[in-house]
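Hi there,

Here is the structure I promised to pass on, with my notes underneath. Have a look at it first, then read on at your own pace.

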Amino acid sequence: MSQERLVYGIDLGTTNSCIALIDEYGKAVVNPNSEGLNTTPSVVSYESGTNNPFVGEVAKEALISDPTRTVAFIKREMGNDNFKSTCDVPENPVKVSAYILKKLVDDANQGNCANIKDVVITCPAYFGTREREQTKQAGVVAGLNVLSIINEPTAAAISYGVETNRNKTILVYDLGGGTFDVSIIEIKNGEIEVLATGGDHRLGGVDWDTLLAKYIAKEVGITIDFEAQCFDKDYLSIKNLLLLNAEKAKKALTKRNEVMVNIPYNGKTHRISVSSTLFEQLTSVLLNQTIDKMEEVIDLAKSKGISKIDEVILVGGSTRMPQVKNRVEKELSCIANIKDPDMAVAKGAAIFAARIKEEVKKGPRIGGAIGGIKDTSANSYGVGCFEKDTDKEIVQNVILAQSPVAIKSASSFCTRFDGQKGITFPIYEGTSTENDIDPLDATLLETFELDLKKGYEKDTPILVELERTTEGILKIYAEIDGNVLNAELKLNGVLTDSELKKAQSEMRNIKIG
Ligand code: ADP
Ligand code: MG
């Protein structure tokens, strides 16, 4: 196996994960798991007694039989400092994600008779700095060398881009199980540029399941609050039973007009009929939400002068619902192609991963020639300050959302009162393309202090420069009359070096089932 191919591309999905590699013919191929499946449910369950984790299909079944020892949808909790697991085994999102990554890589290595550790992992385009860092840390905890984190729609476009020779602007509509992502991407002379990107990290197939499950529960006569933060085993069992049956029915409805759902409850099996028309009516509100988001991203692209979308590609398992394709085509008056919905992201990540290795090696390009990739970030970064005229607290953005990932940008600020001897720089992350925003619309990442050598007059200019590197690292440089602050952001909520090392060594001794 040649060196540049010794790298995996991993789609660490909310619902399903997938791992791919470039094969000896230069083509991206998915590595099946040890059960022979191309995708692995992103579910972790802990064996009672030993607490040994197992990942995938078997863990998914445990959502009903052993719900208080099972974790699903952990990706929705990335970056959430208040994460409270419904699982009895105390774990954090980084560690749970690390188990999933380890299972994927161990199985792929076994199949390839290899010991590959270099990986590229994908994440939703709108993941913030902290979520990205946690994704990277999950890789590190799993004993991997994470070369890069790349946006999912960009990866899908790369996978698609190697199959197309024409220049075009494409819209990637990615509706997975827990997240929705949309990006407008230009493919020009083999180069890929992301023009606009957006999404909703709380919108995906599971929301369709939940609405159908609510209907089924009502028909059966089960009173249950799906949103309750309840950790009771019986509650979780019945909730998961309803959700998994709703999911099965939803999938069946992509091929049929009507399905029967069987729910064993109170010693009786209840049979509920669901038609595709009813299902579409129950869930139309969700489809509308994706269309609204899509329109927002189209408007962003328009503001950059892009008026024509040549093609739409649908990725993510939920785009198999016929109403998605129909609606997107109707809204955009063009054909929407479903392209490899479960595997495109992992394959694109594998192609990108091989390119990175190649660049390091400065060797010849691998097959499916694709040029540079210019990615766009959905995040804005600014400094908390006081508006000059009104003295109102605002965040003045230095880097706007929808700018290139690798960017350095500067803005001017000024001192607030006479004799000021220190300045505070609260750094906020948001998703805005506006210069000034309300602090409530952004997340505080870290606050820096700069002590000044002497007191300065009101309105003395301060230069603030923020830099975001391709790896997503944020740096601040601030200067006022030779007083300099030069620092890198340390993120709250991510593991410290010693926590990382500890998690890594624990992981080494664990065999994932
Ligand atoms: P993620 O990116 O969140 O990991 P995937 O792209 O793997 O998700 O998509 C998983 C979602 O796709 C689940 O909600 C699943 O129910 C849904 N899905 C898979 N196949 C079908 C189908 N045939 N019809 C409708 N939904 C489907
Ligand atoms: Mg996905």
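**Around the ligand**

Of the 17 residues around ligand 1, those that come nearest are Thr15, Asn16, Gly177, Glu247 and Lys250. Please keep in mind that this is a predicted model. Two of these five residues also turn up in polar pairs with the ligand. Gly177 does so through its backbone, where an N or O atom lies 2.7 Å from an oxygen atom of ligand 1. Lys250 uses its side chain, with an N or O atom 2.7 Å from an oxygen atom of ligand 1. There is also Ser318, which has a polar backbone atom 3.2 Å from an oxygen atom of ligand 1. On its own, ligand 1 has 580 Å² of accessible area, and the protein covers 90% of that.

What is the shell around ligand 1 made of, in terms of nonpolar, polar and charged residues? The shell has 12 polar residues, four charged ones and one nonpolar one. Helix H6, residues 233-252, gives the most to this shell, with three residues.

**Lys250, from the ligand into the protein**

Lys250 is worth a second look, and it lies in helix H6. Is it buried or exposed? With a relative accessible area of 8%, Lys250 is buried, since the cut-off for buried is under 20%. Leaving aside neighbours within four places in sequence, Lys250 is in contact with Gly205, Trp208, Asp209, Leu212, Phe279 and Met321. You can also find Val274 from here: it is 24 residues from Lys250 along the chain, and the two C-alpha atoms are separated by 9.2 Å.

**Helix H8 and two loops with a positive phi**

Next comes helix H8, which spans residues 322-332 and has Gln323, Val324, Val328 and Glu329 as its buried residues. An α-helix has 3.6 residues a turn, so residues three or four places apart point the same way. Which elements cover the buried residues of H8? Among them are helix H5 (205-220) and helix H7 (276-303), along with the strands E10 (168-175), E15 (311-315) and E16 (336-338).

H8 is followed by Ser333, which lies in the loop between H8 and E16. Ser333 is not a glycine, yet it has a positive phi of about 50°. Most residues other than glycine have a negative phi. Ser333 is exposed, with a relative accessible area of 66%.

Asp340 is another residue to check. It is found in the loop between E16 and helix H9 (344-361), and its phi is positive, about 45°, although Asp340 is not a glycine. Asp340 is partly exposed, with a relative accessible area of 29%.

**The five-stranded sheet**

Further along the chain you will find an open sheet of five strands, paired antiparallel in the order E22-E19-E18-E21-E23. Strands E22 (436-437) and E23 (443-456) stand at the edges with a single partner strand each, so one side of each has no neighbour in the sheet.

Strand E18 (residues 380-386) is a good place to start. Four bridges join E18 to strand E21 (residues 420-430), and the two run antiparallel. With E19, strand E18 pairs in the antiparallel sense over six bridges. Gly382 shows both pairings: its bridge partner in E21 is Tyr428, and its bridge partner in E19 is Asn397. E18 and E19 form a hairpin with six residues between them, and Asp391 in that turn has a positive phi of about 65°.

How many residues of strand E19 (residues 393-399) are buried? Six of its seven residues are, so to speak, under cover. E19 also pairs with E22, again in the antiparallel sense, over two bridges. There, Val395 stands opposite Ile437 in E22.

**One more buried residue**

Finally, Ala478 lies in strand E25 (residues 474-480). Ala478 is buried, with a relative accessible area of 0%. Not counting residues up to four places away in sequence, Ala478 touches Phe425, Leu463, Val464, Asn483, Val484 and Leu485. Val259 sits a long way from there: Ala478 and Val259 are 62 Å apart, C-alpha to C-alpha, and 219 residues apart in sequence.

Happy browsing, and best wishes!

Technical notes: Residues numbered from 1 in each chain as written. Chains lettered and ligands numbered in written order. Predicted model: local features only at pLDDT ≥ 70, side-chain atom pairs only at ≥ 80, totals over all residues. Heavy atoms only, no water. Near = heavy atom within 4 Å. Polar contact = N/O pair within 3.5 Å; in protein donor to acceptor, adjacent residues only side chain to side chain. Areas by Shrake-Rupley, 256 points an atom, 1.4 Å probe, with all protein chains shown as cover. Nonpolar A, V, L, I, M, F, W, Y, C, P; charged D, E, K, R; others polar. Pairing = 2+ DSSP bridges. Buried < 20%, exposed > 50% of the residue type's maximum accessible area, 1.4 Å probe, protein only. Contact = heavy atoms within 4.5 Å.
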